[in-house]
Amino acid sequence: DGELELFHLESMDELEIGMYKILEPRAELRGVESKQVDVKALDLILVPGVAFDARGGRTGHGKGYYDKLLENARLETPLVSLAFECQMFDEIPMQDHDIFMDKVVTESSVYDGIGREH
């Protein structure tokens with residue numbers, strides 16, 4: 001439904017091949033309440049992305065799924081992205097609804113982003 005949901009994975013058997021051949025929770029498990037995770041319950045969030053800048057700006061695939069999810073995360077929960085140095089750019093264009101990372105970690109540097117309290 002255009003929303004990213006979190007899933008408590010306990011076994012690889014709970015996954016099936018989905019869109020773009022990416023493993024995702026089996027359809028019959030997605031509605032199981034004990035498998036649903038509220039983003040507010042997380043103490044650390046690793047956020048994927050396509051490109052980043054030293055301020056913690058990130059871009060994904062343009063659908064905003066992660067930004068929508070992360071706007072509900074607790075402010076004290078660190079948002080960290082793991083990337084390769086070749087994914088770092090001088091500046092990623094950011095819009096008002098885009099969420100900055102607290103840190104971007106590459107094979108050669110740790111960038112302290114401006115986070116969500118900019």
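In this predicted model, Gly-49 touches Arg-58, Thr-59 and Gln-87, once residues up to four places away in sequence are set aside. Gly-49 sits in the loop that links β5 to β6 (51-52). With a relative accessible area of 27%, Gly-49 is partly exposed, because the value falls between the 20% below which a residue counts as buried and the 50% above which it counts as exposed. The chain also brings Gly-49 and Leu-82 to 8.4 Å from each other, C-alpha to C-alpha, although 33 residues separate them in sequence.

The strand before this loop, β5, belongs to an open sheet of four strands. The strand order is β5-β8-β9-β10, and the pairing is mixed. β5 (45-46) and β10 (110-112) each have a single partner strand and stand at the edges, so one side of each is left without a neighbour in the sheet. On its paired side, β5 is joined by two bridges to β8 (residues 79-82), and these two strands run parallel. Within this pairing, Ile-45 has Leu-79 as its bridge partner, while Leu-46 is matched with Val-80. Moving further into the sheet, β8 is connected to β9 (residues 103-105) by three bridges, again in a parallel arrangement. Here Ser-81 of β8 finds its bridge partner in Val-104.

Several of these strand residues reappear in the nonpolar interior. The largest nonpolar core comprises 14 residues, and those with the most contacts inside it are Ile-45, Val-47, Leu-70, Leu-79, Met-101 and Val-104. Ile-45 and Leu-79 are thus bridge partners as well as members of this core. Val-47 offers a helpful view of the surroundings: beyond its neighbours within four places in sequence, Val-47 is in contact with Leu-79, Val-80, Ser-81 and Leu-82, and also with Arg-58, Tyr-66, Leu-70 and Met-101.

Attention can now turn to the pockets. The largest has a volume of about 1800 Å³. It is lined by 44 residues, of which Glu-3, Leu-4, Glu-5, Tyr-65 and Tyr-66 are the closest to its centre. Two or more lining residues come from each of β1 (6-7), β3 (23-25), β5, β7 (58-59), α1 (65-70) and β8. Among these elements, α1 gives the most, with four residues. By class, the lining of the largest pocket holds 24 nonpolar, 10 polar and 10 charged residues. The sheet strands β5 and β8 therefore pair with each other and also contribute to the lining of this pocket, while Tyr-66, one of the residues closest to the pocket centre, is in contact with Val-47 of the core.

Key. Residues numbered from 1 in each chain as written. Predicted model: local features only at pLDDT ≥ 70, side-chain atom pairs only at ≥ 80, totals over all residues. Heavy atoms only, no water. Core = buried A, V, L, I, M, F, W, Y, C linked by side-chain atoms within 4.5 Å. Buried < 20%, exposed > 50% of the residue type's maximum accessible area, 1.4 Å probe, protein only. Contact = heavy atoms within 4.5 Å. Pairing = 2+ DSSP bridges. 1 Å grid on protein atoms, 1.4 Å probe; cavity = no way out; pocket = protein on both sides within 12 Å on 5 of 7 lines; lining within 4 Å. Points joined across faces, edges and corners; volume = space filled by probe spheres on them. Nonpolar A, V, L, I, M, F, W, Y, C, P; charged D, E, K, R; others polar.
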